[in-house]
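Hi everyone, thanks for making time this morning. Let me put the structure up on the screen, and then we can walk through it together.

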Amino acid sequence: MDIKICGLSTAEAVAAALAGGASHVGFIFFDKSPRHVDPGTAGGLRRAARGRALAVAVAVDADDATLDAIVAAMEPDMLQLHGRETPERVAAVRARHGLPVMKAFSVSASADLDPVEAYRGIADRFLFDAKPPKGSALPGGNGVAFDWRVLAGLDPSVDYMLSGGLNKANIGEALRLLSPPGIDVSSGVESAPGQKDVALIEAFLEAVSANAG
Ligand SMILES: O=C(O)c1ccccc1N[C@@H]1O[C@H](COP(=O)(O)O)[C@@H](O)[C@H]1O
């Protein structure tokens with residue numbers, strides 16, 4: 001199972017994620033996020049991950065110029081599109097950058113999975129996150145979970161990461177219920193919004209190991 005620690009902005013947090021066995025490290029490019037990093041900073045941080053974990057650039061409805069700057073400075077292994085990108089936009093981004101794309105969806109009911117079909121064969125992977133709470137400025141990274149049972153009937157050939165409000169206390173239940181191909185955490189390993197906590201990263205990764213099948 002893949003494990004992504006997202007919203008990293010310090011070398012210490014990247015090191016803790018890598019030491020604990022994370023397969024993916026994520027960097028947020030969204031001005032309104034407390035986890036926002038500039039492409040140059042992410043480029044420096046992601047160096048430690050080369051050959052150890054995949055570096056993921058997370059963007060929200062970004063235009064070509066913005067993605068060009070991120071890709072040039074950070075050299076990500078994967079792009080995560082966390083906005084309202086259409087299948088056509090996902091295909092265009094994938095072709096322009098020659099990188100795999102993970103498309104995020106906000107989920108609260110099984111009907112929210114209906115649009116996934118239109119992206120199959122276009123997006124390389126899916127990320128299922130909770131819907132943002134009313135008034136939130138962030139499309140993700142809100143630390144809220146959704147009812148995971150919504151994913152229980154998903155076609156097993158859909159490759160995805162489970163995200164939204166995961167933490168060391170609830171990850172065992174999530175893994176038992178779904179056995180997801182991947183998991184993604186951000187707020188659950190922070191002491192305050194945007195402040196990654198090395199001890200919480202370690203505790204989360206230990207909880208994953210203890211509960212992985
Ligand atoms: O984390 C953010 O600030 C963010 C901003 C814009 C788009 C996506 C964002 N985060 C993504 O949401 C998941 C879930 O976060 P959480 O664990 O519920 O806090 C996170 O891992 C990112 O992929």
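**Around the ligand**

Let's start with the ligand: the shell around it is made up of 9 nonpolar, 14 polar and 3 charged residues. Please keep in mind that this is a predicted model. Which residues come nearest to the ligand? Out of the 26 around it, those are Cys 6, Ser 33, Gly 140, Gly 141 and Ser 187. Two strands to look for here are β2 and β8, since each supplies at least two residues of that shell.

Now to how those strands are arranged. Strand β1, residues 2–5, runs parallel to β8, residues 182–185, and the pairing covers 4 bridges. If you'd like a spot to click on, Ile 3 has Ile 183 in β8 as its bridge partner. β1 also pairs with β2, residues 24–29, again in the parallel sense, over 2 bridges. There, Ile 5 is matched with Val 25. To get from β1 to β2, the chain passes through helix α1, residues 11–19, and this β-α-β crossover is right-handed.

Last stop, a pair of helices. How do α2 and α3 cross, left-handed or right-handed? The crossing is right-handed. The axes of α2, residues 39–46, and α3, residues 64–74, come within 8 Å and cross at roughly 30 degrees. On the α2 side, Pro 39, Gly 40, Ala 42, Gly 43 and Arg 46 take part, and they meet Ala 69, Ile 70, Ala 73 and Met 74 of α3. Sorted by class, that contact has 6 nonpolar, 2 polar and 1 charged residues.

That's my tour, and I'm happy to take questions!

Methods
Residues are numbered from 1 along each chain as its sequence is written. This is a predicted model: local features need pLDDT of at least 70, side-chain atom pairs count only at pLDDT 80 or more; totals for chains, interfaces and linings use all residues. Two strands pair if DSSP finds at least two bridges between them. A crossover is right-handed if, with the strands pointing away from the viewer, the path from the first strand over the helix to the second runs clockwise. A residue is near a molecule or strand if its C-beta atom, placed from the backbone, lies within 6 Å of it. Ala, Val, Leu, Ile, Met, Phe, Trp, Tyr, Cys and Pro count as nonpolar, Asp, Glu, Lys and Arg as charged, and the others, Gly among them, as polar. Axes are lines fitted to C-alpha atoms, for helices over the stretch in contact, and angles run from 0 to 180 degrees between N-to-C directions. A crossing is left-handed if the near helix is turned anticlockwise from the far one by less than a right angle, and right-handed if clockwise. Two residues are in contact if their C-beta atoms, placed from the backbone, lie within 7 Å.
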